[in-house]
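Trainee: Got a minute to go through this model with me?
Mentor: Sure, let's pull it up.

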Amino acid sequence: MQKIILVTGASSGFGKAIAEKFASEKWNCIITGRRKEKIESLAASLHETYGVEVLPLVFDVQDKEAVFNHLGNLPTQWQGIDVVVNNAGLALGRDSFEMASLTDWETMIDTNVKGLMYVTKAVLPYLTERKKGHIINIGSTAGVEVYKEGNAYCASKHAVAALSKAMRIDLLPYKIKVTVVHPGAAETEFSLVRFKGDENKAGLVYDGYKALQAVDVADIIYYNACLPAHVCINELVVTCLAQANSFYLQK
Ligand code: NDP
Ligand code: 8X3
């Protein structure tokens with residue numbers, strides 16, 4: 001039987017590359033995001049290119065009701081989810097604590113932390129019932145070390161790290177694997193979103209070195225998902241060669 005992956009935030013960056021990788025390996029995919037056209041055109045292209053089934057779902061992970069409406073009652077043939085990748089997330093702004101916007105903070109916490117919790121809660125019954133499954137949370141090096149002007153984004157990713165530990169403990173009786181992957185700087189739409197469409201500022205983030213690419217992260221997620229049933233990578237920090245951690249980047 002074909003395996004099923006659910007990946008949130010599949011309209012760009014890591015999520016899109018993850019869906020492409022798994023589809024190319026003949027997994028059926030549930031893909032989600034807010035941008036309807038992007039999610040629907042990716043679904044059509046994965047189906048056409050790889051011959052897999054794709055279920056495109058359009059909702060905001062901050063909206064608890066929408067999350068449960070879309071994921072809580074999946075058609076029976078989609079309920080046997082093998083891998084859940086909690087990837088949808090964002091940073092907004094890079095400002096000192098006293099200057100940062102409360103609205104930006106709230107959006108980051110609501111998306112990166114509460115959204116991840118809603119999605120996990122909504123799909124967990126499909127996994128616990130079968131005593132099988134793998135939850136892969138996308139953290140960040142920002143969830144390993146706190147950096148200057150990273151405040152709420154770093155806090156949200158530290159929360160992802162803590163929630164991953166908590167899930168791994170509480171879900172032990174259900175034989176559910178929980179992995180958190182902490183990527184460093186990666187060239188996606190991330191910085192364009194963080195700097196609110198300022199292409200110059202976003203471009204500078206990746207200037208002068210070869211950053212991680214979305215496909216690098218997708219390959220790592222796929223490797224994680226294909227390990228033997230008794231093996232679980234708990235935490236994985238991955239950076240490009242030019243980056244040592246949140247503080248040291250050789251340009
Ligand atoms: P992108 O901006 O390219 O992708 C983010 C994805 O998340 C999009 O598909 C977006 O879809 C989705 N998303 C954002 N907010 C919401 C929401 N409220 N509801 C539903 N979907 C949402 O960035 P990345 O691929 O880089 O980011 C993916 C994850 O990786 C994030 O959690 C990010 O924090 C993390 N990360 C990124 C790093 C980097 O340097 N790029 C490094 C470490 C971690 P849409 O807009 O259609 O809703
Ligand atoms: C994204 C990487 O360094 O901008 O999570 O926090 S960083």
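Mentor: One term before we start: buried means under 20% relative accessible area, exposed over 50%, and partly exposed in between, with a 1.4 Å probe and protein chains only. Also, this is a predicted model, where local features need pLDDT of at least 70, side-chain atom pairs count only at pLDDT 80 or more, and totals for chains, interfaces and linings use all residues. Residues are numbered from 1 along each chain as its sequence is written, chains are lettered from A and ligands numbered from 1 in the order in which they are written, and side-chain values use heavy atoms, leaving out hydrogens and water.

Trainee: OK. How many salt bridges does a search of the whole structure find?
Mentor: Nine. The criterion is a side-chain nitrogen of Lys or Arg within 4 Å of a carboxyl oxygen of Asp or Glu.

Trainee: What does lysine 132 meet in a salt bridge?
Mentor: The side chain of aspartate 82, at 3.2 Å, N to O. That pair links distant parts of the chain, 50 residues apart: lysine 132 sits in the loop between helix 4 and strand 5 (134-138), and aspartate 82 in the loop between helix 3 (64-71) and strand 4 (83-86). Helices (H or I, at least four residues) and strands (E, at least two) are DSSP runs, numbered from the N terminus.

Trainee: And aspartate 82, is that buried or exposed?
Mentor: Buried, with a relative accessible area of 11%. Lysine 132 counts as partly exposed, at 42% relative accessibility.

Trainee: What about lysine 36, which residue does its side chain meet?
Mentor: Glutamate 40, in a salt bridge of 3.4 Å, N to O. The two are about one helical turn apart because they are four residues apart in helix 2 (residues 36-50). Lysine 36 counts as partly exposed at 47% relative accessibility, and glutamate 40 counts as partly exposed at 38%.

Trainee: Which residue does lysine 148 form a salt bridge with?
Mentor: Glutamate 149, with the closest N and O atoms 3.5 Å apart. Separately, salt bridges that share partners join Lys21, Glu25 and Asp219 into one network.

Trainee: Switching to pockets. How much space lies in the largest pocket?
Mentor: About 1100 Å³. On a 1 Å grid over the protein atoms alone, a pocket is an open set of points with protein on both sides within 12 Å along at least five of seven lines, a cavity is a set where a 1.4 Å probe fits but cannot get out, and lining residues have an atom within 4 Å of a point. Grid points are joined across faces, edges and corners, and the volume is the space filled by probe spheres set on the points.

Trainee: Who lines the largest pocket?
Mentor: 50 residues, with Ala91, Tyr153, Thr188, Phe190 and Ser191 nearest its centre. Helix 6 gives the most to that lining, four residues.

Trainee: And the second largest pocket, how much space there?
Mentor: About 400 Å³. It is lined by 20 residues, and Gly133, His134, Lys175, Lys177 and Ala229 are the closest to its centre.

Trainee: Last one: which way do the side chains point along strand 9?
Mentor: They alternate along residues 235-238: Leu236 and Val238 point to one face and are buried, while Glu235 and Val237 point to the other and are not. Valine 237 is the bridge partner of histidine 182. Strand 9 pairs with strand 6 (residues 177-183) in the parallel sense over four bridges, where pairing takes at least two DSSP bridges between the strands.
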